[in-house]
Amino acid sequence: MMQCSITNVCEIFQTFRLKSSSISVVCQAHAYTNATFCITSARSSWDDGHFELIAGTCIINPEGFIIGESKTLDDELVVAEIDLEECL
């Protein structure tokens with residue numbers, strides 16, 4: 001079991017932000033290029049206690065802006081209102 005300290009929390013948060021931001025940038029580019037919404041879902045925590053999962057669920061509009069995203073490394077429900085007319 002990992003000991004929790006301010007340093008550990010900062011390192012975990014930084015790792016989460018780096019991984020999720022690189023995925024978000026790719027999804028933003030695809031949403032913009034294809035003029036459509038991009039909805040990604042990602043599990044968080046550990047898979048089978050051995051493999052770290054990256055989290056980072058987000059919803060991106062056709063202009064490439066993130067309109068909903070997970071805020072923590074825990075399980076979350078991410079909700080955003082979308083208007084399919086924006087895809088035209």
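Me: How many salt bridges does a search of the whole structure find?
Reply: Keep in mind that this is a predicted model. To count, a side-chain nitrogen of Lys or Arg has to sit within 4 Å of a carboxyl oxygen of Asp or Glu. Search the whole structure that way and the number of salt bridges you get is one.

Me: Which residue forms that salt bridge with Glu 69, and how far apart are the closest N and O atoms?
Reply: The cut-off to beat is 4 Å. The partner of Glu 69 is Lys 71, and their closest N and O atoms are apart by 3.7 Å.

Me: Is Lys 71 buried or exposed, and what about Glu 69?
Reply: Exposed takes over 50% relative accessible area, and buried takes under 20%. Lys 71 has 53%, so Lys 71 is exposed. Glu 69 has 28%, so Glu 69 is partly exposed.

Me: Which residue in E4 stands opposite Glu 69?
Reply: Glu 69 belongs to E5, and strand E4 covers residues 58–60. Three bridges join E4 to E5, and the two run antiparallel. The residue standing opposite Glu 69 is Cys 58.

Me: Which residue in the E4 and E5 hairpin takes a positive phi?
Reply: The hairpin has five residues between its strands. One residue placed in that loop between E4 and E5 is Gly 64. With a phi near 90°, the one you're after is Gly 64.

Me: Is Gly 64 buried or exposed?
Reply: The loop between E4 and E5 is where Gly 64 sits. Buried means under 20% relative accessible area. Gly 64 comes in at 9%, so Gly 64 counts as buried.

Me: How far apart in space are Gly 64 and Val 25, C-alpha to C-alpha?
Reply: Along the sequence, 39 residues separate Gly 64 and Val 25. In space, C-alpha to C-alpha, Gly 64 and Val 25 are apart by 8.7 Å.

Me: What is the phi of Ala 35, which is not a glycine?
Reply: Most residues other than glycine have a negative phi. Ala 35 has a positive one. You'll find Ala 35 in the loop between helix H1 (6–34) and strand E1 (38–40), and its phi is about 50°.

Me: How exposed is Ala 35?
Reply: Partly exposed covers the range between the 20% and 50% cut-offs. Ala 35 falls in that range, so Ala 35 counts as partly exposed, with a relative accessibility of 34%.

Me: Which residue is 53 residues from Ala 35 in sequence but 7.6 Å away in space?
Reply: Look in the segment after E5, where Leu 88 lies. Leu 88 has a relative accessible area of 82%, so it is exposed. The C-alpha atom 7.6 Å from that of Ala 35 belongs to Leu 88.

Me: What separates the C-alpha atoms of Thr 36 and Glu 85?
Reply: Thr 36 lies in the loop between H1 and E1, and at 32% relative accessible area Thr 36 is partly exposed. Glu 85 is 49 residues from Thr 36 along the chain. Their C-alpha atoms are separated by 9.9 Å.

Me: Which residues gather with Glu 85 in a patch of negative charge?
Reply: Patch members need over 30% relative accessible area and no salt bridge. Glu 81, in the segment after strand E5 (66–69), is exposed because its relative accessibility is 78%. Joining Glu 85 in the surface patch are Glu 63, Glu 81, Asp 83 and Glu 86.

Me: What is the area of the nonpolar surface patch that includes Ile 39 and Ile 67?
Reply: Ile 39 is in strand E1 and is exposed because its relative accessible area is 58%. Ile 67 is in strand E5 and, at 35%, is partly exposed. Together with Phe 65, Ile 82 and Leu 84, these residues make a patch of about 500 Å².

Me: How far is Ile 39 from Glu 69 in space?
Reply: In sequence, Ile 39 and Glu 69 are 30 residues apart. From C-alpha to C-alpha, Ile 39 and Glu 69 are separated by 9.7 Å.

Me: What pattern does the protein follow along the sequence?
Reply: The secondary structure comes to one helix and five strands. Read along the sequence, the pattern is α-β-β-β-β-β.

Me: What share of the protein do buried residues make up?
Reply: Buried means under 20% relative accessible area; Gly 64, at 9%, counts as buried. Of the 88 residues in the protein, the buried ones make up 24%.

How values were computed: Residues are numbered from 1 along each chain as its sequence is written. This is a predicted model: local features need pLDDT of at least 70, side-chain atom pairs count only at pLDDT 80 or more; totals for chains, interfaces and linings use all residues. Side-chain values use heavy atoms; hydrogens and water are left out. Patches are made of residues with over 30% relative accessible area and no salt bridge: like charges are joined within 9 Å, nonpolar side chains (Val, Leu, Ile, Met, Phe, Trp, Tyr) within 5 Å. Accessible areas come from the Shrake-Rupley method with a 1.4 Å probe; for residues, only the protein chains shown count as cover. Lys and Arg count as positive and Asp and Glu as negative; His and the chain ends are not counted. The place of a charge is taken as NZ of Lys, CZ of Arg, CG of Asp or CD of Glu. Helices (H or I, at least four residues) and strands (E, at least two) are DSSP runs, numbered from the N terminus. Buried means under 20% relative accessible area, exposed over 50%, partly exposed in between (1.4 Å probe, protein chains only). Two strands pair if DSSP finds at least two bridges between them.
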